[in-house]
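Visitor: Please take a close look at one buried side chain and its surroundings, and then lead me outwards from there to the parts of the chain that call for a second glance. I would like one connected account, with the cut-offs behind each term.

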Amino acid sequence: MHYLSAESLTKSFIEKPLFTDITFNISQGDKIALVAKNGAGKTTLLRILAGKEVADRGKFWINREVNVCFLDQNPEFNDNETVLKNILNHDHPIINTVREYEAALAHHEDEAKIGELMMKMDELGAWNFENTVKEILSSLNITDIDQLAKTLSGGQKKRIALAKVLIEISFGERNNFLILDEPTNHLDFEMIEWLADFLSDQKTTLLLVSHDRFFLDTVCNEIFELTPTELHIHKGNYQYFLQRKAEREESDAATLDKARNTYRKELEWMRKQPKARTTKSKSRQDAFYDIEDYVSGKREEDKLQLQVKMTRIGGKILELKKVYKTFGERKIMQGFDYTFKRGERIGIIGKNGVGKSTFLNVILGAEPADSGKINPGETIVFGYFSQKGLEVKEDKRVIEYVRELAEHFPLADGTKVSAAQFLQLFQFPPEQQFTFISKLSGGEKKRLQLISLLFKNPNFLILDEPTNDLDLVTLSVLEEFLEQYQGCVIIVSHDRYFMDKLVDHLFVFEGNGVITDFPGNYTQWRISLQKKKQETTSRKPEEKPMQKLVEAPSVTPKPAPASAKKKLSFKQKNELENLVQQMPLLETEKKELNEKLMQGSLPFAEMNKMIERLEQITKELEAAEMRWLELSEYTE
């Protein structure tokens, strides 16, 4: 079934063209990711298709049988209504009946009224729908449905808006077209994985913008790459798109080099030609102008480079001693102890609301600890990338904001660049530097926030959700910068690829003040959880009495004398020799698999196979080690 057709869509913002004459089609079952640089018009295109904005030129058509559900980047709510009323704000028979039934129960209506509504629920099949609603609300950690919308945080509003559109597509057999703008922002790891599974299982057709590469790989089967002049369409997931894009750019670069060589030759010919033109030379002249237009239009873009100078770091970094912190009735830290080391990279993970941001504020001194000591070194300069985003007291032009920070910026090689030059390195061309900050896109504001952070030359970076709203180009360069960065880094992020690539170990916030130090990245932590889960579920009932025997006090038997050891048989000797050869091979394979998983660039299916193999190797190693220990007790 054909869902949508767009023809020659064009949109500009003030004098800046976002996209020109783009044409595409969307059919039932398509799951499309829209990718582009910040400020290229991704959100604008989604809003046009959702009927929230109008294109300057061109047209699009949506099948009248299709129901469009839109998740806006900045959702709107009725502030004086409850969470539940905002979520169930749909005029649909099932929704209306569920709402009436819930209200009747809440207000203790008479049994006849409740019985009548129960019959109506049966007729409409609304009980299944109610279960779906509860699953969605529970999975997105939406618990207080009577809370007024005006009291919600930005993250809570985004999750509630997401719940609303997911519930909307659950209305029976409907042809739903789901348009999602950054659906994974403000979700924790478990929520993102649940959402990926939910959308993968649904027959819903969708078009989404997301910078979460794990999510794109899992959910999408097609990529739309938006540029100012055209729309590149790639069938396949995000990893396949990266491969095809690299091939295309390589081909474009070769074509451009060839065109430039031709242009130089033709330019020399043009300068030598007399004013009077023959028909033949006139034709060649026209061809020259075509080449000139092509070469000038294909200007190579400046690459974002973060070669910044870092303040010298001393011997003492940061010490936390017996730190306690509660927030209301919630325990955040209970006697937390840690001494940070030079160049350490720590990731922080945990469900929303367990106190990750509070932990960072305590380190920075923005919030006091209830007790304990926080001792930063004298040379430590913190650079804090806040989840709140860029904060300015009054609207200013981009260049004015940066010049207030400093007129010149020192680079790692000892040179200095002006504020305007530094902005250009961050993909703010001269014409955009005089734009007011309020007119920037969400991703452009994040980039400007990163500039203000680096101007301090920090040697201890604390990054709270740095990947939200960053385009994939900037995200890739930020990863490269952090890999080379010599200072300490703490990262709170729900971007699994980002965490896997950068952190050495994790602080896992388990709730109720429990913080576990895990030696590895996010994928390795998930593998360890799966392994523990499998060990728990595979435990046989008859093992329980053994637990009591182990716990009961017993007399430790005296070790048998060495002379009592049995001798190895010929078969056991061979087995022992094979184990000695086998275990290093398994260790090597295990290490190689871990390294590949840490790269964070594998397709989801291949990664799952590697995880399964890693679990198998771990079991084989454990069995081999146990057998080796048994055989080692024998004498030769």
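Guide: If neighbours within four places in sequence are set aside, Leu448 is in contact with Leu390, Val398, Tyr401, Val402, Leu423, Phe428, Ile437 and Leu440, where contact means heavy atoms within 4.5 Å. The model is a predicted one, in which local features need a pLDDT of at least 70 and side-chain atom pairs count only at pLDDT 80 or more, while totals for chains, interfaces and linings use all residues. Residues are numbered from 1 along each chain as its sequence is written, and side-chain values use heavy atoms, with hydrogens and water left out.

Leu448 is one of the buried residues of H14, a helix that takes in residues 442–454. Here buried stands for a relative accessible area under 20%, exposed for over 50%, and partly exposed for what lies in between (1.4 Å probe, protein chains only); helices (H or I, at least four residues) and strands (E, at least two) are DSSP runs, numbered from the N terminus. The helix is mostly covered, since 11 of the 13 residues of H14 are buried. The buried residues are not restricted to hydrocarbon side chains: among them are Glu444, Lys446, Arg447, Gln449 and Ser452, along with Leu450, Ile451, Leu453 and Leu454. From its first C-alpha to its last, H14 reaches 19 Å, close to the 18 Å expected at 1.5 Å a residue, where the expected span is 1.5 Å times one less than the number of residues.

Leu448 also has a place in a wider assembly of side chains. The largest nonpolar core, a set of buried Ala, Val, Leu, Ile, Met, Phe, Trp, Tyr and Cys residues joined through side-chain atoms within 4.5 Å, has 98 residues, and the members that touch the most others are Leu166, Leu199 and Leu448. Helix H7 gives the most to this core, with eight residues. As a general background, nonpolar side chains tend to be buried together in soluble globular proteins.

Further along the chain from H14 comes a spot where the backbone deserves attention. Glu465, although not a glycine, has a positive phi of about 50 degrees, and its place is in the loop between strand E17 (460–464) and helix H15. Because its relative accessibility is 4%, Glu465 counts as buried. The helix on the far side of that loop, H15 (residues 472–484), has 13 residues that should span 18 Å at 1.5 Å a residue, and its end C-alpha atoms are 19 Å apart, which agrees. The buried residues of H15 are Leu472, Thr474, Leu475, Val477, Leu478, Glu479, Phe481 and Leu482.

A second residue with a positive phi can be set beside Glu465. Asn512, again not a glycine, has a phi of about 60 degrees and is found in the loop between strand E19 (505–511) and strand E20 (514–518). Whereas Glu465 is buried, Asn512 is exposed, with a relative accessible area of 57%.

Two strand residues show how parts of the chain that are separated in sequence come together. Val68, in strand E5 (residues 66–71), is partly exposed, with a relative accessible area of 27%. Leaving aside neighbours within four places, Val68 is in contact with Ile62, Glu168, Phe177 and Ile179; Val68 and Thr205 are 137 residues apart in sequence, yet their C-alpha atoms lie 9.8 Å apart in space. Asn375, in strand E13 (residues 371–376), is likewise partly exposed, with a relative accessible area of 22%. With neighbours within four places again set aside, the contacts of Asn375 are with Lys316, Ile317, Leu318 and Glu319, and its C-alpha is 6.5 Å from that of Leu320, a residue 55 positions away in sequence.

These details belong to a protein that has 20 helices and 20 strands. Of its 636 residues, 45% are buried, and, among contacts with a separation of 6 or more, 70% join residues 24 or more positions apart.
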